[in-house]
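This report describes the architecture of one protein model and the surroundings of its ligand. The reader is invited to follow the account with the structure in view.

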Amino acid sequence: MNIAIIGSGNVGSALGSSLVSAGHRVTVTARDSVKATTVAAQIGASVVPSALAAAEAADVIVLAIPYGAVESVAKEIAAAVSGKVVIDTTNPLKADYSGLATDGGPSGAERIAAQLPGARVVKAFNTLFASIQADTAVHGQTVDGLIAADDADAKTTVAELRELESLAWLNIALQLRTGGSWKSSFVLIGAPDKAIAA
Ligand SMILES: NC(=O)c1ccc[n+]([C@@H]2O[C@H](COP(=O)([O-])OP(=O)(O)OC[C@H]3O[C@@H](n4cnc5c(N)ncnc54)[C@H](OP(=O)(O)O)[C@@H]3O)[C@@H](O)[C@H]2O)c1
């Protein structure tokens, strides 16, 4: 599959590395083309000069950018992502890391979906710290990846999108308050079979 990753920082490089290892053709892009080129060379991906060029050539687009950059990037790629899957990894944090900028309103993912009409926006990887995206075992235990997407039951979806962002914030806040090693993650015990994908 052709996958474009917009952003070549912690998440872009970790996910890109995992996706290349899984056999996908990965393209990365970022504002700093030198950094994007370096990351692409490190992980075995190719590089393109703009988010629009990356989105046009891809089947799946991964947003691995700060939440504050989403609005401008969404404007740039909107025409190229209709009918495609857009994976939103962002956590809509306030600039001072005091909480979620969405403040009980629509989730970040809902706001992104509203800016990308026709795209299928999937919230994923936001609850996994970047170090875990590259290696999903913590203390010998494989952690869970939690995903929410717009499906037939829109009400359920909206709740799940908000919950995934709140869950990620809980994990981030714990790390910030304790000076932790950013290795904590979630394993859901006893989830219903239909909620689990291989
Ligand atoms: N770090 C984690 O453990 C983690 C885990 C889960 C989710 N997340 C979420 O994932 C997202 C990325 O986090 P990160 O840690 O990877 O951040 P990061 O290391 O700061 O990297 C951000 C990337 O986004 C690019 N970027 C910024 N503004 C852009 C724009 N307007 N257009 C195109 N590219 C732009 C940056 O490019 P330049 O370098 O060229 O500026 C950089 O490559 C955030 O929303 C974060 O909340 C992070």
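The face of helix H2 that is turned away from its buried side carries the exposed residues Val 34, Ala 41 and Gln 42. The model is a predicted one. Helix H2 spans residues 33–43, and its buried residues are Ala 36, Val 39, Ala 40 and Ile 43. These four lie on the same side of H2 because they cover an arc of only 100 degrees around the axis. The buried residues of H2 pack against H1, strand E2 (25–29) and strand E3 (46–47). Just after H2 comes Gly 44, whose phi is positive, at about 80 degrees.

**The sheet and its helices**

How is the sheet ordered? It is an open sheet formed by 7 strands in the order E3-E2-E1-E4-E5-E6-E9, with mixed pairing. Strand E3 and strand E9 (147–149) are the edge strands, since each pairs on one side only. Helix H1 packs on this sheet, where it touches strand E1 (2–6), E2 and strand E4 (60–63). The direction of H1 makes about 165 degrees with that of E2.

Elsewhere in the sheet, strand E5 (residues 85–88) pairs with E6 in the parallel sense, over 4 bridges. One pair of bridge partners is Val 85 and Arg 120, the latter in E6. Helix H5 (residues 108–115) also packs on the sheet and touches E5 and E6. Its direction makes about 160 degrees with that of E6.

Ala 79 is found in helix H4. This residue is exposed, because 12 other C-beta atoms lie within 10 Å, and a residue with 12 or fewer such neighbours counts as exposed. Ala 79 and Ala 119 are separated by 40 residues in sequence, while the distance between their C-alpha atoms is 9.7 Å.

**The surroundings of the ligand**

Which residues come nearest to the ligand? Of the 27 residues around the ligand, these are Gly 7, Gly 9, Arg 31, Asp 32 and Thr 90. By class, the shell around the ligand holds 14 nonpolar, 10 polar and 3 charged residues. Helix H1 (10–21) and helix H4 (70–81) each contribute at least two residues to this shell. The largest share, 3 residues, comes from H1. Helix H1 thus appears in two settings: in the shell around the ligand and packed on the sheet.

**Positive phi values outside glycine**

Two residues other than glycine have a positive phi. Phe 125 has a value near 70 degrees, and His 139 has a value of about 50 degrees. The table sets out where each of them lies.

| Residue | Phi | Loop |
|---|---|---|
| Phe 125 | near 70 degrees | between strand E6 (120–124) and helix H6 (130–134) |
| His 139 | about 50 degrees | between strand E7 (137–138) and strand E8 (141–142) |

Is Phe 125 buried or exposed? Phe 125 counts as buried because it has 25 C-beta neighbours inside 10 Å, and 20 or more are needed for that class. His 139, by contrast, is exposed, because 6 other C-beta atoms lie within 10 Å. Both residues lie in loops: the loop of Phe 125 follows on from strand E6 towards helix H6, and that of His 139 lies between strands E7 and E8.

Methods
Residues are numbered from 1 along each chain as its sequence is written. This is a predicted model: local features need pLDDT of at least 70, side-chain atom pairs count only at pLDDT 80 or more; totals for chains, interfaces and linings use all residues. A residue is near a molecule or strand if its C-beta atom, placed from the backbone, lies within 6 Å of it. Ala, Val, Leu, Ile, Met, Phe, Trp, Tyr, Cys and Pro count as nonpolar, Asp, Glu, Lys and Arg as charged, and the others, Gly among them, as polar. The arc is that of the directions from the helix axis to the C-beta atoms. Two residues are in contact if their C-beta atoms, placed from the backbone, lie within 7 Å. Two strands pair if DSSP finds at least two bridges between them. Axes are lines fitted to C-alpha atoms, for helices over the stretch in contact, and angles run from 0 to 180 degrees between N-to-C directions.
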